[in-house]
Amino acid sequence: MANVVEVILAGKDQLSGPMGVANKALMAGAAAIAALSAAAGLSLRAFATFESAIARIEGLSNTGKDTLVKWKDEILRLGPALGQTPQALAQAMFFISSAGLSSAAAMDTLKMSAMAASAGLGDMNAIARTVISAQNAYGEANLSARQATDTLVAAVREGNVQTTLNRRGMRMY
């Protein structure tokens, strides 16, 4: 009887090696599929958010279709270069496009706002609104997005002032 148990246990040991490897491979495959599914879900949500923001610009601003197509392509190209997601850029562009700036000035305002946000000045939408307010106050022909953003950055740097630009506006302390 002891020999039968030893044979069964010996057989179990011989099978556990290949079966253990197969089981680990199966579990690793399942984990990889789960990770890919999660990534695909995030990508689809990000795409939907981007498309929703673009549709919002189209529906609620006076932006022409040709301009919108150019902006969309430019936003997708600029996202990685400016350290911002295309979704965040498209959402900021909604506010910018509603300000009545020319197409070129609107894209410049977006670029400058994204660069300032990436540099740590604050929330991109709040920066864009601040830049737009300055441009509207002084006139697009008199104050570019670069000049307005540079002035904002210089005020923080030279004034030894710490700012937080957030959705509620600029706070200086």
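Reader: Before anything else, what is a salt bridge here?
Author: A salt bridge is a side-chain nitrogen of Lys or Arg lying within 4 Å of a carboxyl oxygen of Asp or Glu, and I should add that the model we are looking at is a predicted one.

Reader: Okay, how many salt bridges does a search of the whole structure find?
Author: Searching the whole structure gives 4 salt bridges, and one of the pairs is Glu74 with Lys111, whose side chains meet at 3.6 Å, N to O.

Reader: Where do Glu74 and Lys111 lie?
Author: Glu74 belongs to helix 2 while Lys111 belongs to helix 4, which spans residues 103–118, so this pair ties together parts that are 37 residues apart in sequence.

Reader: And is Lys111 buried or exposed?
Author: Neither word quite fits, because Lys111 has a relative accessible area of 25% and is therefore partly exposed.

Reader: Which residue does Arg77 form a salt bridge with?
Author: Arg77 pairs with Glu74, and their closest N and O atoms are 2.7 Å apart; both residues sit in helix 2 (residues 65–82), with a spacing of 3 residues, or about one turn of the helix. Arg77 counts as exposed because its relative accessibility is 51%, the cut-off being over 50%.

Reader: Switching topic, what about Arg157 and Glu158?
Author: The side chains of Arg157 and Glu158 also meet in a salt bridge, at 3.1 Å from N to O. Arg157 is exposed, with 54% relative accessibility, and Glu158 is likewise exposed, at 61%.

Reader: Last one: which residues do shared partners join into one network?
Author: Glu74, Arg77 and Lys111 are joined into one network by salt bridges that share partners.

Definitions and conventions: Residues numbered from 1 in each chain as written. Predicted model: local features only at pLDDT ≥ 70, side-chain atom pairs only at ≥ 80, totals over all residues. Heavy atoms only, no water. Helix = DSSP H or I, 4+ residues; strand = E, 2+ residues; numbered from the N terminus. Buried < 20%, exposed > 50% of the residue type's maximum accessible area, 1.4 Å probe, protein only.
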